[in-house]
Amino acid sequence: MNIVHLSDLYHHFDQLAAQDVSSDELFASSYIRGFIALSAGEFGDENQVISAPLIEHVSESMAAARTELSPGDREVVKRYWQQLIKQLAIKG
């Protein structure tokens, strides 16, 4: 997977709905997408390159909101986010 721009990541999320992925993966991806969309405006538009500051901001925002999830859901989101970060081509 070659995810360089935010639009690539949004496309990846959109494709998950058409694939046979678990409900946990759909939940985590949509939850994380919301945080990415909120953070993205501070760093550019959807054509921006995925950057380390953007990823850090999303991580911090999710950590601050951690109490809105049950412990089980929090773990699902955490694992998915960690896997997703490894697949991103993060710049600077």
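1. A salt bridge is taken here as a side-chain nitrogen of Lys or Arg within 4 Å of a carboxyl oxygen of Asp or Glu. The structure under discussion is a predicted model, and by this rule the count in it comes to two salt bridges.

2. One of these salt bridges joins Arg33 to Asp14, with the closest N and O atoms 2.6 Å apart. Since Arg33 belongs to helix H2 and Asp14 to helix H1 (residues 6-18), the pair ties together parts that are 19 residues apart in sequence. Neither partner is buried: Arg33 is partly exposed, with a relative accessible area of 26%, and Asp14 is likewise partly exposed, with a value of 43%.

3. Another salt bridge is made by the side chains of Glu75 and Arg79, for which the N to O distance is 3.8 Å; because the cut-off is 4 Å, a pair at that distance is accepted. Both residues lie in helix H4 (residues 71-87), where they are four residues apart, or about one turn of the helix. Here too the partners are partly exposed, Glu75 at 34% relative accessibility and Arg79 with a relative accessible area of 42%. As general background to both pairs, side chains of opposite charge can pair when their charged atoms come close.

4. Turning to a loop residue, Gln48 is found between helix H2 (23-40) and helix H3 (52-64). Although Gln48 sits in a loop, this residue is buried, with a relative accessible area of 9%. A polar atom of the Gln48 side chain lies 3.2 Å from the backbone oxygen of Ala40, and because the limit for a polar contact is 3.5 Å, that distance falls within it.

5. The surroundings of Gln48 deserve a separate remark. When residues up to four places away in sequence are not counted, Gln48 touches Val4, His5, Leu6, Ala40, Phe43 and Leu54. Ala40 therefore appears in this list of contacts as well as providing the backbone oxygen described above.

6. Which residues does Ser39 contact, leaving aside its neighbours within four places in sequence? Ser39, which lies in helix H2, is in contact with Leu54, His57, Val58 and Ser61. At 1% relative accessibility Ser39 counts as buried, because the limit for that class is under 20%. Leu54 is named among the contacts of Ser39 and also among those of Gln48, so a reader inspecting the model can view these two buried residues together with Leu54.

How values were computed: Residues numbered from 1 in each chain as written. Predicted model: local features only at pLDDT ≥ 70, side-chain atom pairs only at ≥ 80, totals over all residues. Heavy atoms only, no water. Helix = DSSP H or I, 4+ residues; strand = E, 2+ residues; numbered from the N terminus. Buried < 20%, exposed > 50% of the residue type's maximum accessible area, 1.4 Å probe, protein only. Polar contact = N/O pair within 3.5 Å; in protein donor to acceptor, adjacent residues only side chain to side chain. Contact = heavy atoms within 4.5 Å.
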